[in-house]
Amino acid sequence: GPLALARSRRAQTARVLIETTDLPFTEIAFAAGFASIRQFNDTVREFFGANPSTLRADRTTSLKRARSGERAAPAAPAGAGPTPISLRLATRGPFAGDELLAFLAMRAIPGVESVTDDGAYHRVLRLPGGPATVSLRAERDHVAARVLLADLRDLGPAVARCRRLLDLDADPIAVDEALGADPLLAPLVAATPGRRSPGAVDGTELLVR
């Protein structure tokens with residue numbers, strides 16, 4: 001039901017912050033949308049079978065972060081302004097990430113989007129808590145994202161919009177199988193497996209485009 005889905009999303013947002021940042025758990029609970037630290041602790045234990053401290057100390061997560069070259073974002077002091085957060089946006093393989101960002105680069109709107117020489121895609125977002133910026137870089141099995149938020153509670157919406165923009169929840173194997181069955185499309189699918197269908201961060205922007 002809707003309440004269970006909302007609770008699940010809060011739990012997932014909390015886990016992302018626990019494993020990829022050094023933010024205090026009280027700030028994470030607030031950012032993920034929990035009403036209290038007790039509710040945050042109980043929900044994390046229920047969904048993941050471990051308390052927040054155990055998740056943060058998980059050696060596997062640390063090794064993955066080290067291999068990806070990412071560093072946890074430090075906790076921002078009170079009143080320090082927007083908080084930058086580095087994330088791994090998981091995706092299913094195969095993943096034609098470079099082609100995806102090249103598509104967006106060709107259609108970038110000045111003042112809203114830009115692509116730097118190193119292939120990173122940058123854009124602004126309008127979120128419920130205020131404006132935000134996001135930088136996305138395609139890796140082999142994920143998208144490295146750096147998000148600058150005016151309000152930590154906007155992390156969930158920011159991640160959801162980035163995933164929708166990059167079509168990261170698609171099943172590339174099923175898509176390639178379906179398109180590869182067409183004799184005209186088969187060579188294109190074989191040459192670049194794992195293509196995505198770029199979306200938009202919100203309906204209004206898509207309509208204007």
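Q: At 41% relative accessibility, does Arg45 count as buried, partly exposed or exposed?
A: A word on the model first: it's a predicted one, where local features need pLDDT of at least 70, side-chain atom pairs count only at pLDDT 80 or more, and totals for chains, interfaces and linings use all residues. Residues are numbered from 1 along each chain as its sequence is written, and side-chain values use heavy atoms, with hydrogens and water left out. Buried means under 20% relative accessible area, exposed means over 50%, and partly exposed is in between (1.4 Å probe, protein chains only). Arg45 has 41%, so the label is partly exposed.

Q: Which residue meets Arg45 in a salt bridge?
A: A salt bridge here is a side-chain nitrogen of Lys or Arg within 4 Å of a carboxyl oxygen of Asp or Glu. The partner lies in helix H3 along with Arg45, three residues apart, about one turn of the helix; helices are DSSP runs of H or I with at least four residues, strands are E runs with at least two, and both are numbered from the N terminus. It's partly exposed, with a relative accessible area of 36%. At 2.7 Å, N to O, the partner is Asp42.

Q: How many residues apart in sequence are the parts that Arg92 and Asp171 tie together?
A: These two form a salt bridge, their closest N and O atoms being 3.7 Å apart. Arg92 is in the loop between strand S1 (83–90) and helix H6 (97–106), while Asp171 is in the loop between H7 and helix H8 (172–180), so the pair ties together parts whose separation in residues is 79.

Q: In the salt bridge between Arg163 and Asp169, which residue counts as buried?
A: The closest N and O atoms of the pair are 2.8 Å apart. Asp169 has 53% relative accessibility and counts as exposed. At 17%, the buried one is Arg163.

Q: Which side chain of opposite charge is nearest to Asp154?
A: Asp154 sits in the loop between strand S5 (142–149) and helix H7 (155–166). Leaving aside neighbours within four places in sequence, Asp154 is in contact (heavy atoms within 4.5 Å) with Leu127, Pro128, Gly129, Gly130 and Leu149. Asp154 is buried yet has no salt bridge. Counting Lys and Arg as positive and Asp and Glu as negative, with His and the chain ends not counted, the nearest opposite charge is 6.7 Å away, on Arg153.

Q: Within what arc do the buried residues of helix H2 fall?
A: In H2 (residues 25–32), the buried residues are Ile28, Ala29, Ala31 and Ala32. They line one face of the helix, because, taking the directions from the helix axis to the C-beta atoms, they fall within an arc of 165°.

Q: Which helices do those buried H2 residues pack against?
A: Just after H2 comes Gly33, with a positive phi near 100°. As for the packing, the buried residues of H2 go against helix H1 (2–20), helix H3 (37–48) and helix H4 (52–56).

Q: Which element gives the most to the largest nonpolar core?
A: A nonpolar core is a set of buried Ala, Val, Leu, Ile, Met, Phe, Trp, Tyr and Cys residues joined through side-chain atoms within 4.5 Å. Of the 41 residues in the largest one, Phe40, Leu136, Leu149 and Leu166 touch the most other members. With five residues, the top contributor is H7.
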